Amino acid sequence: MPDLSTPIGLSLIVVALPLVGCLLAALCHVGRAVKLAHLPVIVSFASAAAIACYVLYAVSGQSGDLIQTASLGTWFSSGRLSVPLAFQLDPLSAVMLAMVTFIATFIAIFSASYMHGEAGYARYFAFIALFVFAMCLLVTANNFFVLVAGWEGVGLCSYLLVGYYYAKPSAAAAARKAFLVTRLGDVGLILGIFLLWKAGGYQTNIDAVIRHIAEHPPGDGYMTAACLLLFCGAVGKSAQLPLYVWLPDAMEGPTPVSALIHAATMVTAGVYLLARTAPLFVMSPTAQVVVTIIGGATAVLAAFIALAQYDLKRVLAYSTVSQLGFMFMALGCGAAISPTIAVTAALFHLLTHAFFKALLFLGSGSVMHAMGNVIDMRKFGGLRKLMPTTHWTFLIGSLALAGFPLLSGFWSKDRILHALSEAGYSRSEFHYLYQAVFYTACLTALLTAFYTFRAYFLTFWGEERVPPEAHGHAHESPRTMTIPLVVLAVGAVFVGIIADPLTHWFDHLLERAPVLHQANEAFTKTTNLKVGEHHFDWGVAGLSTLIAVAGIGAAAAVYRRGGPERVPGPLRGIFALSANKAYVDEIYGATVVLPAETAATGGRQLDGFLDALARLVSFVPRFAAAVLRPLQNGLVQFYALGMVLGLAVFITVVVFRSVR
Amino acid sequence: MTPLSNQAFVDHLTASVQFVLPEVALVGVACLLFLVAALRCSRPLAMVVALLGVVGAGVIAALVPEPVGRFEPSLAPIDPTGAASFVRWLALVAAAVYVLLGWADTRTDTPAEYHACLLVAAAGVSLVGRANDLVSLFLALEMLSIPTYVLLYLPSRTRAGQESAMKYFLLSVLSSAVLLFGFSYLYGLAGSTNLHVVVSSLAAAAPHKDLDPAVSPLAAVAMVLVIAGLGFRVAAVPFHFYAPDVYEGGPTGVVAQLAFLPKVAGFVALARLLGVMSAHGGGLPYDTAHTLIPLTLWVVAVVTMSFGNLLALLQDNLKRLFAYSGIAHGGYMLIGVLVACTAPPASADQSGSDALLFYLLAYGLMTVGAFAVLAHLSGPDRHVETVDDLAGLGKTNPLAAAALAVCLFSLIGLPLTAGFVGKLQLFLAAFQVPTDTKMKSLFQVLTVIAVVNAAVSAVYYLRILGVLYLRAPFKPAQPTRTSPQLVAAVACAAATLVLGVYPQPFAEQTRKAAPVVAAR
């Protein structure tokens, strides 16, 4: 047991607090104090966030080796496999921990009003506390299996929360989809972990595996396979091609849950996993370039689909998929330029994205709350006078997402673009691919600015229209909902500029993470290149400013007067393609689901046959039993005879065999 | 030279008392209870006194240090090393649970006698774990058997109860005679009643791998007699006949003892006689260099588990069903005995005997838990006899149903329960035995048979589970009252889950209790 006053001890407290909150909320459910269920959760989140921020402060103030580990004993062991309950704290974990708990606190405060009066109020809070606990466990785990425990916990909670309105068929289907699709990726993750277990000298602690593999590198093919399998897990959890389809449907859950999934927990898990295992990915340039390409393809496809969606939350959901694509694009540059630059860029974007995406989702929740749970942008419009706070905070979130200069999204997106352009001119054998991805990223940025402001204008500009479902009660949301919006908006404006260009605090903190040192060492070993440094590139910054302004301008030109949709004739086809989500669900249906259903039908026929066979087999034990049953006839003299006869048989056999 | 003229022997004999203080305390409290019984002792008083006795014995066991350093294995009649303290704690915890269970069976006028017999039986089990002499071992086994005859008779003086008590008595005496016969052979072969001397001299005389003279037929016959005698206690086929009849007629609390305590005593005694579970390094007397005894155990294990599972399939009576299930689980545990006592250990931390001890613990929790639920549900006005009597329990009695469900899941061997971990350890131990001995791959075949048996057993456990939760209750719901039996049932079920989720500390204890005996 580590000393609880050290940073690692405090971080364990941070992990435990949401669990306590979860149990108390569950008790509220049982103990008929349902209306108070939000209190333990908000208090535990807030105190966890305060402690996590202190831990982050303590870690960044430390000198020397910035990793601390702790083990709470052995979880289980069997043969060669030994799984300690191991935790670690390094800058990576500290940043994630602080971000997750901070965002979750405000989402919980927002939820308290948003979910007011819902059936299952306590259930909701118990689940989000469990959700945050699982995520904290995931980011502090120093053991692959503890990480998987958090990983699966996150998956389970997403199922429970997306399916919160379980009586609604679409919500139940979305929950199932989220669980099953991420499960596909999880299979890869587990397989990858076992490959690493084998290559890592049969250890399961993450740092030990990385160290062992650095000293005894297995073959290139082996590492590529292991890394790609890990990436499979990340693809599922972080909603990348081809497994992104669950995320847009996941907004069937309550809106704050979407904010939690899209901003702080769940989808960032994949990005974190790749950052945590960066030293392994550096050893396989092929795996890295695959990561970049998948990220790029996802980003542009999701941005394209977001162009023509009418559902405000759906636009935001596709934008999350697209922004995660950006993070993976950056992560994939590690083997071409420098792991530090790549991972820092990705995590920086993760951090800023958490703020503005949580803000946008809560903003859309606020709109939905006022509109009587209507979220179709065709049914309302011109809300900027009706809901001024929501409008202003949403505008800030949109500007940050679009990458408008000086807001947080600008700085982090700029770093990703910069990393990609550097990779495009590097001596990597894949540099032309990186170049292609760079142009894709620029195109995606343009689309992002456009669709974000399309949604913004359609919702808040034009003449004021309110759907009948609002029953004339359309008004600004209560304080408890607007205050989180304001706090997150402040974050969305300032986090980027304070953390990076002004103080370089984020850079300095992350570059001292041992995991990045190891990645850098592996990088110099494999490529014989010196580790590059990040520097601000006026060219890329200018380009991205231009793109953002162009996108916003185009959206303003078309949608300034609000709805309804006006599509010029020649573009109708493309618009339909985007509105129908590029027919991806239909393509999956035809290529994956239909053959599977056919196979299932065939399997069912076979099953009938096997069932008959099994019945026949299962008859055998019963038959044998019926034959043996008369032996138990209840007569004690017969029993004694049986015992003695049995003994006699044994002795006879033994004697004859040993004498012979 | 007679033993009495050997001063060292006499010293060790008299010094032995310090290794059995908790057992002395248990028997002392039992005597007190017998005395009080003459003065009409009330039910709660007897229960409290018995519980205090168990706790007192536990305190003595935990606090009074045992001078293990002064123990000389070839002289002392009591051996405090090896599995001794593990078995003692098992017996004490079991005794505490049984005292709680006894609440249901002591409605008659003899509560004090009941609890006194119970304490003596527990002391007997504990002594089996530490007996280092054929005489003390036999005495310990009888200390378990004789109170059980009384216990079977005390609470239920119906015809069925009397019949089951009588059946158990007659057959148990028969098996004790067989066991004693085997002991006399062992004494004759080794020239000593000291267990350590017996095992080492048998091991020294046994054939080695490279030369292949026949094992002495007498040694083999002696061990077959021992297996037959102890086979009655662990209900191994064909010495199992009593089990279903006695279980059906006996009072539930006593049947719960009968399902567990003799199994602990029988398996530990068998393992000790075959040369494991104590600290001596004399080697295994019946290892796979010669296949006679290993094959005998193999056959008994296979027949026992298959027979138990097959006949349980057809049972409607719950107690008979659990009797057959107990027989089947005894078959699984015989795998542990077989691996531990005959096979060269595959690795330093996998010996078979630790798997056996762990399974004993797991089996005790889940079986006693199940019986505790049955005891809780049966009352003077309501008898739970058949599977159908449990219909709809999930609605009328959710807590009891949940406890029973956990125990059943564990008996099936589903993950996150003690039964899963126990089966996994047992089966792994058998599967990892090297195939280059004379047994060839028979151990692996045994594992496969055991796994198939575990699958067959799921049928009858799942049937109960289905009745519990999916059927409508037959009889009107009774108001749920908390009873000591329910406390025992919930505790057993909870412990089953703990053991299944976090088995590591318990597995370490069993590993410590079962030192690996090096191959010769």
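In this predicted model, helix H13(A) passes helix H18(A) in a left-handed crossing. H13 of chain A covers residues 285-306, and H18 of chain A covers residues 431-460. Their axes come within 9 Å and cross at roughly 25 degrees. Angles under 35 degrees count as roughly parallel, so H13(A) is roughly parallel to H18(A). From H13(A), the contact draws on Val289(A), Thr292(A), Ile293(A), Gly296(A), Ala299(A), Val300(A), Ala303(A), Phe304(A) and Ala306(A). These meet residues of H18(A), including Leu433(A), Tyr434(A), Val437(A), Leu447(A) and Tyr451(A). By class, the contact of H13(A) with H18(A) holds 14 nonpolar and five polar residues, with no charged ones.

A second helix pair in chain A is formed by H11 (residues 267-276) and H15 (residues 339-370). They pack at an angle of about 160 degrees, and their axes are 10 Å apart. Angles over 145 degrees count as roughly antiparallel, so H11(A) is roughly antiparallel to H15(A). The crossing of H11(A) and H15(A) is left-handed. On the H11(A) side stand Thr268(A), Val271(A) and Ala275(A). They meet Val343(A), Ala346(A), Leu347(A) and Leu350(A) in H15(A). Six residues of this contact are nonpolar, one is polar and none is charged.

These pairs belong to a chain of 25 helices and two strands. Chain A has 660 residues, of which 55% count as buried. Contacts between residues at least 6 apart in sequence were also examined in chain A; 81% of them join residues at least 24 apart.

Chain B has 20 helices and zero strands. Of its 520 residues, 61% count as buried. Among contacts in chain B between residues at least 6 apart in sequence, 82% link residues at least 24 apart.

Helix H19 of chain B takes in residues 484-501. At 1.5 Å a residue, its 18 residues should span 26 Å. The C-alpha atoms at its ends are 26 Å apart, which agrees with that expectation. Among the buried residues of H19(B) are Pro484(B), Leu486(B), Val490(B), Cys492(B), Thr496(B) and Leu499(B). The buried residues of H19(B) pack against five helices of chain B: H4 (84-101), H14 (353-377), H16 (398-412), H17 (418-431) and H20 (504-513).

Ala454(B) lies in helix H18 of chain B, which runs over residues 442-470. Ala454(B) has 21 C-beta neighbours inside 10 Å. A residue is buried if 20 or more such neighbours are present, so Ala454(B) counts as buried. Leaving aside neighbours within four places in sequence, Ala454(B) is in contact with Gly413(B) and Lys423(B). Ala454(B) and His329(B) are 125 residues apart along the chain, yet their C-alpha atoms are separated by 9.3 Å.

The two chains also touch each other. At this interface, 26 residues of chain A are in contact with 28 residues of chain B. On the chain A side, strand S1 (68-78), helix H24 (584-628) and helix H25 (636-659) each supply at least two residues. H25(A) gives the most, with 14 residues. By class, the chain A side has 16 nonpolar, seven polar and three charged residues.

Key:
Residues numbered from 1 in each chain as written. Chains lettered and ligands numbered in written order. Predicted model: local features only at pLDDT ≥ 70, side-chain atom pairs only at ≥ 80, totals over all residues. Helix = DSSP H or I, 4+ residues; strand = E, 2+ residues; numbered from the N terminus. Buried ≥ 20, exposed ≤ 12 C-beta atoms within 10 Å, placed from the backbone. Contact = placed C-beta atoms within 7 Å. Nonpolar A, V, L, I, M, F, W, Y, C, P; charged D, E, K, R; others polar. Expected span 1.5 Å × (residues − 1). Axes fitted to C-alpha atoms, helices over the stretch in contact; angles between N-to-C directions. Parallel < 35°, antiparallel > 145°, perpendicular 65-115°, else oblique. Left-handed = near helix turned anticlockwise from the far one by under 90°.
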